[in-house]
Amino acid sequence: ANSVMPFDFDGAPVRVVNIDGTPWFVGKYVAERLGYTNPTKAMNDHCKGLTKRYPLQTAGGVQETRILSEPDVLRLIVGSVKRARLGLRPRPGRLR
């Protein structure tokens, strides 16, 4: 079963879709919380996983929204200027 649940990301809510037990994060919210001024460009530049869309209720009605796997969320974090503020710094030998 699929469900939408709230997730606290750096003090701000991010919508997460649970699809068959796997969390998929609404990409626009994640990118905005990380300080990207153009969420679509950020996702295109940093996210390498499968582009997946999910119908979500928004203020403008139901829209097909891009959702991200956890590895793609981590790619956005690594590319973000807010990474240091989140306490996420690359460790030698860990990120290549």
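A salt bridge is a side-chain nitrogen of Lys or Arg within 4 Å of a carboxyl oxygen of Asp or Glu. By this criterion, a search of the whole structure, which is a predicted model, finds four salt bridges. The overall fold is described before these pairs are taken up.

The protein chain holds three helices and five strands. Read from the N terminus, these elements follow the order β-β-β-α-α-β-β-α. Of the 96 residues in the chain, 31% are buried. The chain exposes about 6200 Å², and carbon and sulfur atoms supply 53% of that area. Among contacts with a separation of 6 or more, 45% are made by residues 24 or more positions apart.

Strands β4 (residues 52-58) and β5 (residues 61-68) run antiparallel and are joined by seven bridges. Two residues lie between these strands, and the pair forms a hairpin. One of the bridge pairs consists of Y54 and its partner T65 in β5.

Helix α3 (residues 70-79) has four buried residues, namely D72, V73, L76 and I77. They lie on the same side of α3, because the arc that they cover around the axis is only 150°.

The interior was then examined for groups of nonpolar residues. In soluble globular proteins, nonpolar side chains tend to be buried together. In this model, the largest nonpolar core has 15 residues. Those with the most contacts inside this core are F9, V30, L34, Y36, L68, V73 and L76. At least two residues of the core come from each of β2 (12-19), α1 (27-33), α2 (39-46) and α3. The largest share is that of α3, which supplies three residues. A second, separate core has seven residues, including I19, Y54, L56 and I67. Y54 of this second core is also the residue whose bridge partner in β5 is T65.

L76 illustrates how the largest core is connected. With neighbours within four places in sequence left aside, L76 is in contact with V30, A31, L34, Y36, A42, M43, H46, C47 and L68. Among these partners, V30, L34, Y36 and L68 are listed with L76 as residues with the most contacts inside the core.

C47, another partner of L76, lies in the loop between α2 and β4. C47 has a relative accessibility of 7%, so it counts as buried. Along the chain C47 and L76 are 29 residues apart, and 6.9 Å separates their C-alpha atoms. Apart from neighbours within four places in sequence, C47 is in contact with A42, R66, L68, D72, R75 and L76. Two of these partners, D72 and R75, also meet each other in a salt bridge.

Side chains of opposite charge can pair when their charged atoms come close. In helix α1, the side chains of K28 and E32 form a salt bridge, with an N to O distance of 2.9 Å. About one helical turn separates K28 and E32, because they are four residues apart in α1. K28 counts as partly exposed, at 44% relative accessibility. E32 also counts as partly exposed, at 32%.

Helix α2 contains a salt bridge between the side chains of D45 and K41, with an N to O distance of 2.5 Å. D45 and K41 are four residues apart in α2, about one turn of the helix. D45 is partly exposed, with a relative accessible area of 40%. K41 is likewise partly exposed, at 47% relative accessibility.

In helix α3, the side chains of D72 and R75 meet in a salt bridge at 2.6 Å, N to O. Being three residues apart in α3, D72 and R75 are separated by about one helical turn. D72 has a relative accessibility of 1% and therefore counts as buried, whereas R75 counts as partly exposed at 35%. Salt bridges that share partners also join K28, E32 and R33 into one network.

How values were computed. Residues numbered from 1 in each chain as written. Predicted model: local features only at pLDDT ≥ 70, side-chain atom pairs only at ≥ 80, totals over all residues. Heavy atoms only, no water. Pairing = 2+ DSSP bridges. Buried < 20%, exposed > 50% of the residue type's maximum accessible area, 1.4 Å probe, protein only. Arc of directions from axis to C-beta. Contact = heavy atoms within 4.5 Å. Areas by Shrake-Rupley, 256 points an atom, 1.4 Å probe, with all protein chains shown as cover. Core = buried A, V, L, I, M, F, W, Y, C linked by side-chain atoms within 4.5 Å.
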